[in-house]
Amino acid sequence: MPEVARAAGAARAGQAVVGPDLLRDEVAAVLASGGAVQALFAAAAGDGLEARYVCATPAGDLVLRCPAPRGEVPTIIDLAPHLAWDEREARDLFGLRFAGHEPHRPLVHHPGDLAAWATPVLGDDVHQVAVGPVHAGVIESGHFRFHTVGERIVHLDIQLFHKHRGLERVAEGGSAEEALATVGRACAACSVATGIAIAHAVEAARGLWPDDDLRRSRTLLAELERLYNHLHDIGAICAGVGLAPGAMAFAALKERAQRAIADLAGHRFMFGAVAAGAGAVAADRAAAGRARGALRELAPDVAAAWRSLLFDASLRDRARGAGALPADEARRLGTVGPAARATGVATDARERSPRLRYAGLRPAVPPGAEGDVAARMEARALELTDTLAMLDELLDGPVAPGHALPSAPPSAHGVGRAESPRGETVCAVELDGGAVRRVHLRTASFANWPAVARACRGAILPDFPLVNKSFELCYACVDR
């Protein structure tokens with residue numbers, strides 16, 4: 001393992017270059033040490049390509065770079081199955097091949113031949129049901145190919161990437177601040193968490209460390225984003241079973257939360273609230289007090305609305321056992337966020353976020369943690385209680401924006417992460433002076449879509465909207 005630099009008592013990104021013949025050994029060493037390979041992407045290097053692996057190791061973050069002079073590196077999906085989508089994406093976008101990854105089905109590309117991208121499912125009475133990519137209402141584009149026997153789902157192929165925007169490519173050559181503004185807008189609902197992950201990556205590369213005011217202000221923004229998203233997501237699950245009173249109650253609670261957010265941060269989705277190198281939001285004592293008061297009034301109403309759902313027999317009957325994701329499958333697929341915690345996998349990036357203010361936080365794992373729709377809903381309800389308590393503390397006084405201060409020599413590479421409402425989002429940047437040479441964003445939604453397909457296995461087709469809403473993943477976070 002290469003030596004990994006450290007800053008201010010916590011890890012910052014190191015990098016190492018390894019040849020294709022030793023890549024798998026290096027990845028195996030990372031995993032054996034208790035680390036994880038969280039993302040994989042391709043980048044231009046000299047006259048060719050290289051594969052880059054974003055690793056979280058006990059010694060710190062590591063960007064493992066593997067040159068591919070012949071346009072090919074060995075696959076590692078037998079060692080890290082959750083990177084299957086990453087390898088497929090890197091091949092489609094850059095032409096980088098992964099030897100041993102067979103069949104290599106397109107992910108971003110959409111061939112007309114169904115056999116080129118869908119999994120063959122054979123057997124008596126198996127038939128296919130195609131849904132999308134165009135849906136009713138304002139749902140984003142996504143094609144779902146169900147293989148069923150009767151109404152029982154045997155397998156689901158998901159085809160997204162219908163509106164790939166090339167945000168990462170647009171950011172190349174510009175400043176880090178421009179990259180944050182471009183890539184950070186991958187989606188609206190996770191704009192704070194995405195922005196924090198990018199800002200952390202840039203600051204890690206520049207050798208900067210946040211002061212306490214910046215850690216506090218960013219933690220405040222991240223928890224406000226979690227608050228309105230969790231309220232929305234619980235309401236969406238109610239809508240998925242046709243429980244209009246629950247859907248309307250949580251929609252109203254979300255609206256109250258977003259009005260308080262707009263008053264504090266100037267925007268309902270907190271666009272522009274995160275910058276690289278410094279905070280972008282400040283609130284005097286009166287503004288912080290108004291937000292604190294609004295959330296204190298909201299908290300008992302959230303608790304009462306959740307209690308009403310606990311006693312709704314029809315909701316409980318629909319949610320229990322639906323779309324169950326086993327814990328071992330959640331680990332294998334690299335599932336993150338409330339969806340992982342609902343299976344009993346106690347992982348939360350906030351525990352490993354020294355650049356934010358989460359001292360003493362423990363992941364909220366529902367009792368029993370069956371990994372089904374009910375557990376995913378309960379995981380969010382538990383986190384709402386914790387989030388409202390954290391916000392009450394964070395709003396105890398004026399909010400200063402804060403700054404990131406020099407703490408270590410700059411480096412070309414930086415890694416940042418943040419726990420979004422949907423799970424851990426990871427960003428890697430490569431800087432060349434003041435310009436961005438490469439930026440890669442692996443969102444929580446990108447990580448969790450394969451888990452949706454797995455959770456649908458064995459469910460009945462009419463339950464798919466409910467299972468899908470219980471993950472409430474973002475299409476735009478994939479079409480970045």
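This passage describes the aromatic pairs, the charges placed over rings and the nonpolar cores of a predicted model.

Nine aromatic pairs are present in the structure. In one of them, formed by phenylalanine 144 and phenylalanine 464, the ring centres lie 5.0 Å apart and the planes meet at 55°, so the pair is classed as tilted. This pair joins distant parts of the chain: phenylalanine 144 belongs to strand β10 (residues 143-149) and phenylalanine 464 to helix α15 (residues 464-471), with the two positions 320 residues apart in numbering. Phenylalanine 144 has a relative accessible area of 1% and is therefore buried, since the limit for a buried residue is under 20%. Phenylalanine 464 also counts as buried, at 10% relative accessibility. Through ring pairs, Phe144 and Phe464 form a cluster with Phe146, Trp449 and Tyr475.

Aromatic rings also lie beneath charged groups. The charged end of arginine 185 is placed over the ring of phenylalanine 271, at 4.0 Å from the ring centre. Likewise, the charged end of arginine 350 sits over the ring of tyrosine 358, 5.6 Å from its centre.

The largest nonpolar core comprises 106 residues, and those with the most contacts inside it are Leu227, Leu231, Met270, Leu295 and Trp449. Helix α7 (residues 212-240) supplies the largest share of this core, namely ten residues. When neighbours within four places in sequence are left aside, methionine 270 is in contact with Ser191, Val192, Leu221, Leu224, Glu225, Tyr228, Ile261 and Ala265. A second core, separate from the largest one, contains 23 residues, among them Val27, Ala51, Leu64 and Leu83.

Key:
Residues numbered from 1 in each chain as written. Predicted model: local features only at pLDDT ≥ 70, side-chain atom pairs only at ≥ 80, totals over all residues. Heavy atoms only, no water. Phe/Tyr/Trp six-rings, centres within 6.5 Å; stacked < 30°, edge-to-face > 60°. Helix = DSSP H or I, 4+ residues; strand = E, 2+ residues; numbered from the N terminus. Buried < 20%, exposed > 50% of the residue type's maximum accessible area, 1.4 Å probe, protein only. Lys NZ or Arg CZ within 6 Å of the ring centre and 35° of its normal. Core = buried A, V, L, I, M, F, W, Y, C linked by side-chain atoms within 4.5 Å. Contact = heavy atoms within 4.5 Å.
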